[in-house]
Amino acid sequence: MKQRKHRHTGPYDPQTITRAVTHIRLEAANAGKLTALDALAQVYLALCQQYVTLFCTEERPNKLRAPLFATTLSERWQRVAIQQAAGIARSWRTNRAQAYQDYADDLLDYHEQETEGALDAEAEEPTWKEWNVPTLRQTCIQANANVVALEPTQDSIFDYWLTISTLAFRKQLLIPVKLAAYHREALKSKTINSSVTLNKRADGWWLTLSYDQVVPVHTAPSAPVVGVDVGIANFVTTSDGKHYGTFHGKLRERQKRDRQKRRRKAKLRKCLEKKGVKKLPSTSSRTGQRLARHVRQEINRAVNQCFTEHPDTQFAYEHLSVATMKFKARAMNAYLHASNLAHIPKQLAWNAAKRGVAAIKVKSAYTSQECSVCHNVDRANRPNQQTFCCVVCGYSTHADINAAINIEHRLGDAELRVCKDRKAIKALLLRRHQAWKQQNGWP
Ligand SMILES: [Zn+2]
């Protein structure tokens, strides 16, 4: 019922978080009302798609762009569609740019290893596959007060009236909204945001309301820092040596069973296809979806526990790029999707925001290969997935703990923060390693 989303200010400033109240069903007294909404949605979605394509290809996303495409929608609705399309295109462009940067880093890494003669036998040169422009499949309308109004009702069995402008000029839909007891509780004495989201699913129309909440940060900038490493074997490892949650054990067993089941299904499909059977069993897996949900729950539990056990600290955590995720999931790519690695930093940020704790993202490059004592960076420091053993100074510990300590040190490391890319970070770490050697009387 609650959703994450927050605007970024300084790490010690109050955080504004937006909480969403979802799953409010739209029930119309007569079916005709929602049919008018269906008709509107169809035109809206098609127009929104046109602007998404425009903003992903020919133009930069612009929320305030003047209407370009012909449509039967009112100008107000067109502005809503343009705004929503700009948002979708902006995040698509950001994600694509990030992925491209990761690819460039991967390529650099690959060629570095190639010249050093340190390539793994199964290593392949990274390639770039251009992204497709997003296709809007689900009906989702992010409406604002210009087209949809929510008003509390007086003496009625309903809680609100939702007024929606339609395709017909000056003709508005009036839909009663009835809240469940827990919705009412969540919204008690809150100021509901004027923008609402309307979603159409197989079972009808659903409304999402939201409200903003300002949470002051009670962590002092001088509070002790705990570094957090995220991974598969241990969802969360802290620099003080604690582990929280794992994908191994039960979850891994479930994932294996799910994979085998899907393989059997795929085989069966092939078999039936050969025999000319028209209606084939689906390959989508309900157990797979359940498993992914279960993994997210386990991650939430692990992160919660980590925050509870570190009440008066601030957190440093890594900016997880696709490249880092790939590295962390090396030899385990099949688990990457199920383990939902990217959910962990999101959950860390959300927990910090709602608890009023400072959590600061740091650069992740080489955190798993750098020795936290002498700053030597070497793949050979990792004889296996769990162990860190420095080939220069001999420092040895659990690999995730070494990484968490590096992450802890990176908070407040201004020199490292201004490094432009992995190459610059590697050069800086090499200089620090040389300095360490000199200080400690190494030849
Ligand atoms: Zn070392």
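Is Y103 buried or exposed? Y103 is buried, with a relative accessible area of 17%. The cut-off for buried is under 20%, so Y103 falls within that class. The model is predicted, and this tyrosine is one way into it.

Y103 sits in helix α2, which spans residues 75-116. Leaving out residues up to four places away in sequence, Y103 touches P126, T127 and W128. One of these partners, T127, is 24 residues from Y103 in sequence. The C-alpha atoms of Y103 and T127 are 7.4 Å apart.

Now the whole chain. The protein has 443 residues, and 42% of them count as buried. Its secondary structure comes to eleven helices and 14 strands. Along the principal axes, the C-alpha atoms fill a box of roughly 85 × 65 × 45 Å. Take the contacts with a separation of 6 or more: residues 24 or more positions apart account for 65% of them.

Next, the surface and the charges. The protein exposes about 24,800 Å², and carbon and sulfur atoms supply 51% of that area. Side chains carrying charge number 68 positive and 40 negative. The centres of the two sets lie 9 Å apart.

Turn to the interior. The largest nonpolar core holds 43 residues. Within this core, W77 and I164 touch the most other members. Helix α1, residues 31-57, gives the most to the core, with twelve residues. A second, separate core has 25 residues, including V236, Y244, L251 and L291.

W77 deserves a closer look. Set aside its neighbours within four places in sequence. The contacts of W77 are then L40, Y44, I141, A143, V147, V148, I164, S165 and T166. I164, the other residue named for its many core contacts, is thus among the partners of W77.

Where does L47 lie? L47 lies in helix α1. L47 is buried, with a relative accessible area of 2%. Beyond residues up to four places away, L47 touches F69, T71, L73, Q78 and A81. L280 is another matter: L47 and L280 are 233 residues apart in sequence and 34 Å apart in space, C-alpha to C-alpha.

I141, a contact of W77, leads on to the strands. Strand β2 covers residues 139-143 and is mostly covered, with four of its five residues buried. Its partner is strand β6, residues 196-201. The two strands pair in the antiparallel sense over five bridges. Across this pairing, I141 stands opposite L198 in β6. In a regular strand the side chains alternate between the two faces of the sheet.

Last, the backbone. Which value does phi of H23 take? H23 has a positive phi of about 60°, although it is not a glycine. H23 is found in strand β1, residues 15-25. H23 is partly exposed, at a relative accessible area of 49%. Y366 also has a positive phi, near 65°, and is a residue other than glycine. Y366 is found in a loop, between β12 (359-362) and β13 (387-389). At 4% relative accessibility, Y366 counts as buried. These two positive phi values thus come with a partly exposed H23 and a buried Y366.

Technical notes. Residues are numbered from 1 along each chain as its sequence is written. This is a predicted model: local features need pLDDT of at least 70, side-chain atom pairs count only at pLDDT 80 or more; totals for chains, interfaces and linings use all residues. Side-chain values use heavy atoms; hydrogens and water are left out. A nonpolar core is a set of buried Ala, Val, Leu, Ile, Met, Phe, Trp, Tyr and Cys residues joined through side-chain atoms within 4.5 Å. Buried means under 20% relative accessible area, exposed over 50%, partly exposed in between (1.4 Å probe, protein chains only). Contact means heavy atoms within 4.5 Å. Accessible areas come from the Shrake-Rupley method with a 1.4 Å probe; for residues, only the protein chains shown count as cover. Lys and Arg count as positive and Asp and Glu as negative; His and the chain ends are not counted. The place of a charge is taken as NZ of Lys, CZ of Arg, CG of Asp or CD of Glu. Two strands pair if DSSP finds at least two bridges between them.
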